[in-house]
Amino acid sequence: MRHLILSDIHSNLEALHAVLRHAEGAYDTIVCCGDLVGYNAAPIEVIDWARQTLSAVVRGNHDTVCCGVEDPLMFNSVARQAALWTLDELPPASRAWLADLPAGPLTFDSFEIAHGSPGGEDDYLIDTIDIHGLDQIMMRKICFFGHTHLQGGWSWQRGGIQRLTKPALGEDERIIDLDPDFLYLINPGSVGQPRDGDPRAAYAIWDAGNALLRFRRVKYDIRSAQNRIHEAGLPEYLADRLAAGR
Ligand code: ZN
């Protein structure tokens with residue numbers, strides 16, 4: 001089975017379409033580590049797609065705020081403005097679907113998914129020190145997560161912990177052989193708002209049968225996503241950061 005692993009789509013329909021085109025034929029199911037909405041301006045379209053398409057998904061912190069389950073008090077001002085705009089935009093059925101999304105980690109036969117971390121859905125795994133002890137609580141050898149918008153992750157092996165490498169700016173793929181004896185924490189990166197200095201949409205394909213992980217990047221129509229942000233009256237900063245990949 002080959003799984004398309006997505007995270008942090010954040011209402012960016014242009015980036016989502018580019019990823020689906022780029023990955024066409026290379027996967028059997030689609031899994032999402034949360035934050036379908038927030039920041040960008042196509043929440044209805046992204047939720048409609050998600051409802052029909054995803055085989056597994058956990059809620060992200062923006063999903064719970066954008067459907068009214070949580071207060072946006074913890075958000076900075078631009079995230080809050082986008083969340084309140086999304087809440088106002090969504091029809092009741094879309095809000096109800098978001099409100100019903102399960103909290104991570106969610107465990108399947110051979111992998112698990114979390115929004116922030118297998119240790120807590122809102123935790124950020126950024127530096128190697130952040131993953132200390134998680135090997136003791138992981139329920140499966142592979143856990144996919146998101147939340148930081150940083151493509152990459154870690155493996156635990158006999159020699160210690162190693163970071164996984166994402167594609168360089170000139171590359172569109174990095175292939176990693178997965179060792180069945182190792183543990184892996186894998187962040188596919190953000191589809192809709194990358195923050196690792198590479199503005200291309202990020203995703204991963206996990207080919208379970210061949211024990212291969214593919215970190216991928218693809219260019220998308222950033223200008224159209226920015227125009228949507230302008231038309232919605234959302235903060236200019238949200239459009240600018242798409243081009244910067246920050
Ligand atoms: Zn996010």
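# A walk from S7 to the zinc ion and the helices

Start by selecting S7, which touches C32, C33, G34, G146, H147, P188, G189, S190 and V191, leaving out residues up to four places away in sequence. Keep in mind as you go that this is a predicted model. S7 sits in the loop between β1 and α1. Is S7 buried or exposed? With a relative accessible area of 0%, S7 is buried.

**Next stop: D8**

Click on D8, which is also placed in the loop between β1 and α1. Look at its backbone: D8 is not a glycine, and yet its phi is positive, about 50 degrees. D8 has a relative accessible area of 0%, so it is buried.

**The zinc ion**

Now show the zinc ion. Which residues coordinate it? They are D8 (OD), H10 (NE2), D35 (OD) and H149 (NE2), at 2.1 to 2.3 Å. If you check the angles among the four donor atoms, you'll find 86 to 177 degrees, and the site is irregular. Along the chain, the donor residues follow the spacing D-x1-H-x24-D-x113-H. Pick out H10 and D35 from this set: the pair links distant parts of the chain, 25 residues apart. H10 is in the loop between β1 (2-6) and α1 (13-22), while D35 is in the loop between β2 (29-32) and α2. H10 counts as buried because its relative accessibility is 0%. D35, at 1% relative accessibility, counts as buried too.

**H147, a contact of S7**

Go back to the list of residues that S7 touches and select H147 from it. You'll find H147 in the loop between β6 (142-144) and β7 (152-157). Here is another residue that is not a glycine but has a positive phi, this time about 80 degrees. H147 has a relative accessibility of 3%, so it counts as buried.

**Over to P167**

Select P167, in the loop between β8 (160-163) and β9 (173-177). At 2% relative accessibility, P167 counts as buried. What is in contact with P167, leaving aside its neighbours within four places in sequence? The answer is Q151, D172, E173, R174, F215, R216 and R217. Put a distance label between the C-alpha atoms of P167 and R216: it should read 6.7 Å, although the two are 49 residues apart along the chain.

**A cis peptide bond**

For another proline, jump to P105, in the loop between α5 (92-99) and β4 (106-107). Zoom in on the peptide bond from G104 to P105, which is cis, with omega near -5 degrees.

**Helix α4**

Now colour residues 77-89, which make up helix α4. The helix has 13 residues and reaches 18 Å from its first C-alpha to its last, close to the 18 Å expected at 1.5 Å a residue. Which residues of α4 are buried? Show V78, A79, A82, A83, W85 and T86. They cover an arc of only 165 degrees around the axis, which puts them on the same side of α4. An α-helix has 3.6 residues a turn, so residues three or four places apart point the same way. To see what covers the buried residues of α4, switch on helices including α2 (43-53), α3 (61-66), α7 (222-232) and α8 (236-244). Before you leave, look at the start of α4, where a side-chain oxygen of N76 comes to within 3.3 Å of the backbone nitrogen of V78.

**Helix α7**

One of the helices covering α4's buried residues is α7, so named in the list above, and it is worth selecting by itself. Its buried residues are I222, A225, Q226 and I229. The arc they cover around the axis is only 100 degrees, which puts them on the same side of α7. Where do these buried residues pack? They pack against α1 and α8. Turn the helix to its other side and you'll see R223 and E231, which are exposed. Just after α7 comes G233, with a positive phi near 75 degrees.

**Last stop: E45**

Finish in helix α2, where you'll find E45. E45 has a relative accessibility of 34%, so it counts as partly exposed. Setting aside neighbours within four places in sequence, E45 is in contact with L13 and R228. For a final distance label, try E45 and S11: they are 34 residues apart in sequence and 7.8 Å apart in space, C-alpha to C-alpha.

Note on methods. Residues are numbered from 1 along each chain as its sequence is written. This is a predicted model: local features need pLDDT of at least 70, side-chain atom pairs count only at pLDDT 80 or more; totals for chains, interfaces and linings use all residues. Side-chain values use heavy atoms; hydrogens and water are left out. Helices (H or I, at least four residues) and strands (E, at least two) are DSSP runs, numbered from the N terminus. The expected span of a helix is 1.5 Å times one less than its number of residues. Buried means under 20% relative accessible area, exposed over 50%, partly exposed in between (1.4 Å probe, protein chains only). The arc is that of the directions from the helix axis to the C-beta atoms. Contact means heavy atoms within 4.5 Å. A polar contact is a pair of N or O atoms within 3.5 Å; within protein, one must be able to donate a hydrogen and the other to accept it, and residues adjacent in sequence count only if both atoms are side-chain atoms. Donors are N, O and S atoms within 2.8 Å of the metal (3.2 Å for Na, K and Ca); water is not among the atoms, so sites may look incomplete. Four donors count as tetrahedral if all angles lie between 85 and 135 degrees; four count as square planar and six as octahedral if opposite donors are over 155 degrees apart and all others between 65 and 115; anything else is irregular.
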